[in-house]
Amino acid sequence: MLSYRHAFHAGNHADVLKHFVLIELLRYFNRKEKPWWYVDTHAGAGCYALDSEQAGKNAEFAGGIGRLWQRDDLPEAMRPYLDALAQFNPHGRLTFYPGSPALAMTQLREQDRMRLFELHPADVALLGQTFARDVQRVQVRKADGFSALRGLLPPPSRRVVVLIDPPYEVKEDYRRAVDTLADAIKRFPAGTYAVWYPLLARTEARQLPERLADLGAENWLDVRLAVKKPPRDGFGMFGSGLYVVNPPWVLPQTLEAVMPWLAGVLGEDGEGRFDLEHHIE
């Protein structure tokens, strides 16, 4: 259960989609002065060295952020995401990839707060070190984020972005992701919740988007990016998606402008494609 380390996958195509959307969510929240909370149920280590042994084992970042870094044809809407990455690579060379908490920190203002949960003992220690200088705004806990989220809703600010991003290494994660979102919507219907999920051949993965949709959220968005065809042997992730409850009304338009380009750049052998569905009143 604690074998997953995101360092092996940092900066891959799934991170690009997830983190581009995360930056857009937080930038939208920053349009108002009222404070917000960011909650990460599976926060990882916080930041990853791409020249480390773990990141270099499969070099997944080469097929993800590596294809975007320092391109001169970026869609304008993607620039805030790349600008955030540049804060961790000030000399222009792609050396570090920030995880979700570190990226969220680039948008955090004095009045905002972050609550980060991680169970892996090594990763939570690294996470704590990353944010040790900002304990007033950022709290790191070694805890099961699925369960810990319940105690934070509704947040004092009445504005929250929650990222539910489990590794899905065990079948139980699929059920718990759905149950956690259902409980969160019940406790605080006005929250913005983003559930990341992998595109896999396994039954649980194929059924997850439908199970999330069956929760009946009034306002939602589902975006998926596939970078290759599903493998014939049924093994391996061929893309990923994000299901967002209460997304900003401007997000569909942003994704419609960006996703064709992103699918073309990240797709392998011309196989990149995307799907976008939404209902926002």
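**Entry 1: the active-site record.** I began with the UniProt annotation, an unreviewed entry, which lists D165 under "active site". Since what I have is a predicted model, I looked up where that residue sits in it. I found D165 in the loop that runs between β6 (160-164) and α7 (172-187). Is D165 buried or exposed? I read a relative accessible area of 12% for D165, and because this is under the 20% cut-off, I noted D165 as buried.

I then asked which residues surround D165, leaving aside its neighbours within four places in sequence. The list I wrote down is K18, T41, H42, S100 and W196. With K18 there is also a polar contact, side chain to side chain, at 2.8 Å. I followed this pair further and found that D15, K18 and D165 are linked in a network of salt bridges.

**Entry 2: the binding-site record.** The same kind of look-up for "binding site", again from an unreviewed UniProt entry, gave me H19, H42, S100, E118, D144, G145 and D165. D165 therefore appears under "binding site" as well as under "active site", and two of the listed positions, H42 and S100, are among the residues in contact with D165. I took E118 and D144 from the list for a closer look.

I located E118 in strand β4, where it is buried, with a relative accessible area of 11%. Not counting neighbours within four places in sequence, I recorded contacts of E118 with H42, A43, G44, D123, V124, L127, R141, K142 and A143. For A43 I also noted that its backbone nitrogen lies 3.5 Å from a polar atom of the E118 side chain.

D144 I placed in the loop between β5 and α6 (145-148), and its relative accessible area of 22% makes it partly exposed. Which residues does D144 contact once its neighbours within four places in sequence are left aside? I noted L119 and R176. Within its own stretch of chain, the side chain of D144 reaches the backbone nitrogen of F146 at 3.2 Å.

**Entry 3: the strands around E118.** As E118 lies in β4, I checked how that strand is paired. I found β4 (residues 113-118) running parallel to β5 (residues 138-142), with five bridges between the two strands. One of the pairings I wrote down joins F117 to R141, its bridge partner in β5; R141 is also among the contacts of E118. Between the strands comes helix α5 (residues 121-130), and I noted that β4, α5 and β5 make a right-handed β-α-β unit.

**Entry 4: G11 and H13.** I turned next to the start of the chain, where G11 lies in the segment before α1 (13-29). G11 is buried, at 0% relative accessible area. Residues up to four places away in sequence aside, I saw G11 touching V16, E60, F61, G64, I65 and Y97. For a long-range distance I took G11 and Q207, which are 196 residues apart in sequence, and read 26 Å from C-alpha to C-alpha.

H13 belongs to helix α1 and is also buried, at 12% relative accessibility. Beyond its neighbours within four places in sequence, I listed its contacts as G63, G64, L225, V227, M237, G239 and L266. G64 is thus in contact with H13 and with G11.

**Entry 5: salt bridges.** How many salt bridges does the structure hold? I noted 15, and looked up three pairs in detail.

- D73 and R71 meet through their side chains at 2.8 Å, N to O; I recorded D73 as partly exposed at 36% and R71 as partly exposed at 33%.
- D112 and R109 form a salt bridge at 2.8 Å, N to O; here D112 is buried at 0% relative accessible area, and R109 counts as buried at 15%.
- D183 and R187 are bridged at 2.6 Å, N to O, with D183 partly exposed at 23% and R187 partly exposed at 39%.

For the last pair I also looked at the spacing along the chain: D183 and R187 are four residues apart in helix α7, so about one helical turn separates them. This is the helix that follows the loop holding D165, which brought me back to where I had begun.

Definitions and conventions. Residues numbered from 1 in each chain as written. Predicted model: local features only at pLDDT ≥ 70, side-chain atom pairs only at ≥ 80, totals over all residues. Heavy atoms only, no water. UniProt positions renumbered as here; feature names shortened; annotations may be inferred. Buried < 20%, exposed > 50% of the residue type's maximum accessible area, 1.4 Å probe, protein only. Contact = heavy atoms within 4.5 Å. Polar contact = N/O pair within 3.5 Å; in protein donor to acceptor, adjacent residues only side chain to side chain. Pairing = 2+ DSSP bridges. Right-handed = clockwise from strand over helix to strand, strands pointing away. Salt bridge = Lys/Arg side-chain N within 4 Å of Asp/Glu carboxyl O.
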